[in-house]
Amino acid sequence: MTDLGDLRSTHAVANRRILTFGVFVLLIGIVAAVFAAVLVTDGPRRWAGNSSAIDQTIGFSLGAAIVGVVGGVLLLVKALRSGLNEVFEVYEHGIARGSQSWRWEQVISIDTHRAPRDTGATRFLGTNHRCVVRFTDGARIRFDGLTEESEQLERVVRQHCPSAGPQPHGEQRWRRFGVGWLVVGIVLLGAVVAMFAHLVADDPGYGDGTLALMSVGAIVAFAAGVMCITTFFMARRKG
């Protein structure tokens with residue numbers, strides 16, 4: 001690690017909290033997926049004559065499964081990517097995280113976001129405060145409400161880097177663009193799952209031509225959904 005002078009302060013990150021919450025959300029998604037599968041295979045026989053109710057229940061369960069699994073995986077990735085013992089160290093001449101370190105003159109932008117309302121939920125998830133610091137080598141660090149004394153850490157960084165402003169508007173717009181495609185991707189994948197659940201649960205008796213068109217549509221929607229989600233992760237790396 002580059003010589004950054006004397007250590008001034010350390011700020012631990014509560015990634016274990018996000019890991020626990022991610023496991024909980026993922027389990028909800030898995031339970032919802034199992035419940036939906038049970039309804040698809042056994043529901044028509046048990047709920048004969050009430051197809052609208054089973055369709056609504058299957059749709060709700062599939063929605064909960066998709067949100068739970070995707071949300072849980074993202075939270076687990078967030079918690080594990082930086083390690084459960086993640087710590088930011090502030091030195092006289094720079095800042096470090098793990099084996100990586102940067103001098104203050106390498107900071108090129110500092111972006112801050114605060115939740116409209118500071119609630120127990122935002123504090124638990126760490127979304128009440130978020131700060132992203134970017135460096136000349138293309139790296140970035142992000143600390144939020146899960147970081148010990150995150151507000152103080154941001155003030156220290158800004159004091160040492162008074163000329164570092166927010167990220168250029170065009171790059172911020174690219175990140176928002178990526179988040180939008182994540183939503184579109186999840187909707188497309190959910191539509192594919194819902195279509196097959198409808199075919200299995202209701203057995204509508206479509207002709208071969210209709211089934212072939214639906215299969216082609218499902219393949220296109222699935223491919224588009226994967227591409228949209230890939231775009232989201234590309235945007236995050238770019239941001």
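**View 1. A nonpolar patch on the surface of the predicted model is built from residues of two helices.** Val23, Leu27, Ile30, Val34, Val38, Val69, Val73 and Val77 make up this patch, and together they have about 600 Å² of accessible area. A patch of this kind joins nonpolar side chains (Val, Leu, Ile, Met, Phe, Trp, Tyr) within 5 Å, whereas like charges are joined within 9 Å, and its residues must have over 30% relative accessible area and no salt bridge. The areas come from the Shrake-Rupley method with a 1.4 Å probe, and for residues only the protein chains shown count as cover. Helix 1 (15-46) and helix 2 (51-81) each supply at least two residues of the patch, and helix 1 gives the most, with five residues. Helices are DSSP runs of H or I with at least four residues, strands are runs of E with at least two, and both are numbered from the N terminus. Val34, which lies in helix 1, is partly exposed because its relative accessibility is 49%; buried means under 20% relative accessible area, exposed means over 50%, and partly exposed lies in between (1.4 Å probe, protein chains only).

**View 2. Strand 3 is paired with a strand on either hand of the sequence, strand 2 and strand 4.** Two strands count as a pair if DSSP finds at least two bridges between them. Strand 2 and strand 3 run antiparallel and are joined by three bridges, forming a hairpin with two residues between them, and Phe88 has Arg97 of strand 3 as its bridge partner. Strand 3 and strand 4 (residues 100-103) also run antiparallel, here with four bridges, and Gly94 stands opposite Arg103 of strand 4. These two strands form a hairpin with two residues between them, and Gly98 in the turn has a positive phi of about 65°. In a regular strand the side chains alternate between the two faces of the sheet. Both faces of strand 3 are covered, since Gly94 and Ala96 on one side and Ile95 and Arg97 on the other are all buried.

**View 3. Glu86 and Arg97 form a salt bridge.** A salt bridge is a side-chain nitrogen of Lys or Arg within 4 Å of a carboxyl oxygen of Asp or Glu, and the closest N and O atoms of this pair are 3.8 Å apart. The pair links distant parts of the chain, with Glu86 in the loop between helix 2 and strand 2 (87-91) and Arg97 in strand 3 (residues 94-97), eleven residues apart. Glu86 counts as buried because its relative accessible area is 7%.

**View 4. Arg114 and Glu151 meet in a salt bridge.** Their side chains come to 2.7 Å, N to O. Arg114 lies in strand 5 (residues 107-114) and Glu151 in helix 4 (residues 150-160), so the pair ties together parts that are 37 residues apart in sequence. Arg114, at 43% relative accessible area, is partly exposed, and Glu151 is also partly exposed, at 32%. Salt bridges that share partners join Arg114, Glu151, Glu154 and Arg158 into one network.

**View 5. Confidence varies along the protein chain.** The mean pLDDT, the predictor's confidence in each residue from 0 to 100, is lowest in helix 5 (residues 169-202), at 68, and highest in strand 2, at 93. Where pLDDT is low, the predicted coordinates should not be read in detail.

Residues are numbered from 1 along each chain as its sequence is written, and side-chain values use heavy atoms, with hydrogens and water left out. In this predicted model, local features need pLDDT of at least 70 and side-chain atom pairs count only at pLDDT 80 or more, while totals for chains, interfaces and linings use all residues.
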